Amino acid sequence: MRKKEDKYDFRAFGLAIKEARTKQGLTREQVGASIEIDPRYLTNIENKGQHPSIQVLYDLVSLLNVSVDEFFLPASEVTKSSRRRRLEKQLDSLTDRDLVIMESVADGILKSKKAIGK
């Protein structure tokens, strides 16, 4: 039988949801209307680490493109962070010409890291 006490701390997840929502320029009211929850429920998830229902968790990560791997899997098993997924989504909206610039930036970062031994 499951103990009543909750074991998982959802505060980090709530902060990631809040960050993704604000970066996308969405209000709590807009997100709430989109996934059919009260904005106060979202406030509690974001600020107090309230445990969302499975459906709300799914709706939030799908809408805001947040990876749950970083919260529920050990660090060694995380393949793509939320930041990486957001960047990939941005890259998908760029033209090939824009991607040439991004590729050059990435090459420059990698070369400078190699040069300083990091």
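A nonpolar core is a set of buried Ala, Val, Leu, Ile, Met, Phe, Trp, Tyr and Cys residues joined through side-chain atoms within 4.5 Å. Keep that in mind while looking at this predicted model, where the largest such core has 17 residues. The ones with the most contacts inside it are F13, I17, L42, L60, L64 and V66. Four helices, α1, α2, α3 and α4, each put in at least two residues, and α4 is the top contributor to this core with five. As a bit of background, nonpolar side chains in soluble globular proteins tend to be buried together.

**The overall layout**

Let's step back for a moment. The chain has seven helices and zero strands, so to speak a run of α-α-α-α-α-α-α from the N terminus on. Of its 118 residues, 25% count as buried. If you take the contacts between residues at least 6 apart in sequence, 53% of them join residues at least 24 apart.

**Helix α4 and its partners**

Helix α4 covers residues 54-64, and its buried residues are V56, L57, D59, L60, V61 and L64. What do these buried residues pack against? Their partners are α1, α2, α3 and α5. Two of these pairings, α1 with α4 and α2 with α4, are worth a closer look. Two packed helices are described by the angle between their axes and the distance between the axes. Here is how the two pairs come out:

| Pair | Angle | Axis distance |
|---|---|---|
| α1 and α4 | about 35 degrees | 10 Å |
| α2 and α4 | about 115 degrees | 10 Å |

Start with α1, which spans residues 11-23. Helix α1 passes α4 in a left-handed crossing. On the α1 side, the residues that meet α4 are F13, I17, A20 and R21, and on the α4 side they are L57, L60, V61 and L64. By class, that contact has seven nonpolar residues, no polar ones and one charged one. In general, an α-helix has 3.6 residues a turn, so residues three or four places apart point the same way.

Now for α2, residues 28-35. The crossing of α2 and α4 is right-handed. Here V31, S34 and I35 in α2 meet D59, L60 and L63 in α4. The class count for this contact is four nonpolar, one polar and one charged. L60 turns up on the α4 side with α1 and again with α2.

**F13 and its neighbours**

F13 deserves a stop of its own. Is F13 buried or exposed? F13 counts as buried because its relative accessibility is 0%, and the cut-off for buried is under 20%. Leaving aside its neighbours within four places in sequence, F13 is in contact with I45, P52, L57, V61, V68 and F71.

F13 also has an aromatic partner. The model's count comes to one aromatic pair. That pair is F10 with F13: the ring centres are 6.0 Å apart and the planes sit at 85 degrees, so the pair is edge-to-face, a label for planes over 60 degrees apart. F10 is buried too, with a relative accessible area of 10%.

**Two residues with a positive phi**

Most residues other than glycine have a negative phi. Where does E36 sit, then? E36 is in the loop between α2 and α3, the latter being residues 39-48. Phi of E36 is near 60 degrees, a positive value in a residue other than glycine. E36 counts as exposed because its relative accessibility is 74%, and exposed means over 50%.

N65 is another non-glycine residue with a positive phi, near 55 degrees. N65 comes just after α4, in the loop between α4 and α5, where α5 is residues 69-72. Unlike exposed E36, N65 counts as buried, because its relative accessibility is 15%.

Which residues does N65 touch, not counting those up to four places away in sequence? They are L60, S82, R85, R86 and K89. L60 is a familiar name by now: L60 is one of the residues with the most contacts inside the largest nonpolar core.

Note on methods
Residues numbered from 1 in each chain as written. Predicted model: local features only at pLDDT ≥ 70, side-chain atom pairs only at ≥ 80, totals over all residues. Heavy atoms only, no water. Axes fitted to C-alpha atoms, helices over the stretch in contact; angles between N-to-C directions. Left-handed = near helix turned anticlockwise from the far one by under 90°. Contact = heavy atoms within 4.5 Å. Nonpolar A, V, L, I, M, F, W, Y, C, P; charged D, E, K, R; others polar. Buried < 20%, exposed > 50% of the residue type's maximum accessible area, 1.4 Å probe, protein only. Phe/Tyr/Trp six-rings, centres within 6.5 Å; stacked < 30°, edge-to-face > 60°.
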